[in-house]
Amino acid sequence: MDDVAIRTSVGRKSATHSAEPADRQDWRNTLRPSALRPLPPAGGAAIVGVDLAQPLAAELKDAIVTAFLAHHVVVFPEQSLTREQQFAFAASFGEVEVHGAHRGENKRYGVAHVMSNLGADGNPTFRFSRAANYHWHTDKPYHPAPPTLTTLYAVELPPSGGDTEFANMALAYAALPEDTKRRIAGLRVMFRPAFDAGRPAVDHPLVRTHPDTGRKSLYIGNHSTHVLGLPEAESAALLGELLEHATQRQFVYVQRWRVGDLIMWDNRCLLHRAVANYEADKYRRIMHRSVVRGTVPF
């Protein structure tokens, strides 16, 4: 099958992306043949044997972008990264967003955001709220231009559990009945941060078109409040039905973390959530996150 040129906003102006599955492409010019390991059909691929603490060679960056567009979640095992090195890796693919700027926080721009289950006293604690990451969500959909991608790096983990799940919204959309696709075509969803009900809401298409691949996917999740133009009950029912459909097991990839894993995922076509399958009030779970600015959904 011939390669086709596509526009991509992931770290470069254009790219050549094969219509073949990534595991059938020839990676010998960029990575050793065993370096790319596709994961389950719902998405995900591991790239092994690379050191992200070093600047990315052009060939490696191109290979990462291609794997990212094909698989949506890319896992890099056995990394050893400072927060600055993680920031530099994320910045290879676009502008890294300042965390907490809208809340007046004054965190250093050049480092990853620390995410943990630690309380103010430094001890593990279990927090479950309307805004908790245990709900299915995509990062910052309440921005006019939500993020393209997120990188998350495992610094400290419980002995077991603490997984992250990813739901493939493109596969979920493709599996919808045709009458449902017609029903939701053109609808727009309002998003507001679940942790700040007073913040202005923004609206985005319920069916989003990926700017690099052209694939359509559902764009919903925990920060969605309602569908524009629908009665409240109908809106809530529709969003609930779509979320239940999209998070079926056949659409979900589970990241079972090991210390040193860094993953990057595509916020434009995935939902994700942390899994409370460990004693969060007993064991520490510390991750570093960097988020790359995106474009206005269409």
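## Helix α5 and its buried side

In this predicted model, the buried residues of helix α5 (buried meaning under 20% relative accessible area with a 1.4 Å probe, protein chains only) are Ser235, Leu238, Leu239, Leu242, His245 and Ala246. They cover an arc of only 130 degrees around the axis, taken from the directions from the helix axis to the C-beta atoms, which puts them on the same side of α5. An α-helix has 3.6 residues a turn, so residues three or four places apart point the same way.

The face turned away from this buried side carries Glu232, Ala233 and Glu244, which are exposed (over 50% relative accessible area). The buried residues of α5 pack, with contact meaning heavy atoms within 4.5 Å, against several elements, including β8 (164-168), α3 (169-174) and α4 (178-184).

## The seven-stranded sheet

Seven strands form an open sheet of mixed pairing in the order β3-β4-β5-β15-β7-β17-β6, where two strands pair if DSSP finds at least two bridges between them. Its edge strands, β3 (36-38) and β6 (113-116), each pair on one side only.

Within this sheet, strand β7 (residues 149-156) and strand β17 (residues 286-292) run antiparallel and are joined by seven bridges; Glu156 stands opposite Ile286 in β17.

## Basis of the description

Residues are numbered from 1 along each chain as its sequence is written. Because the model is predicted, local features need pLDDT of at least 70 and side-chain atom pairs count only at pLDDT 80 or more, while totals for chains, interfaces and linings use all residues, and side-chain values use heavy atoms, with hydrogens and water left out.

Notes. Helices (H or I, at least four residues) and strands (E, at least two) are DSSP runs, numbered from the N terminus.
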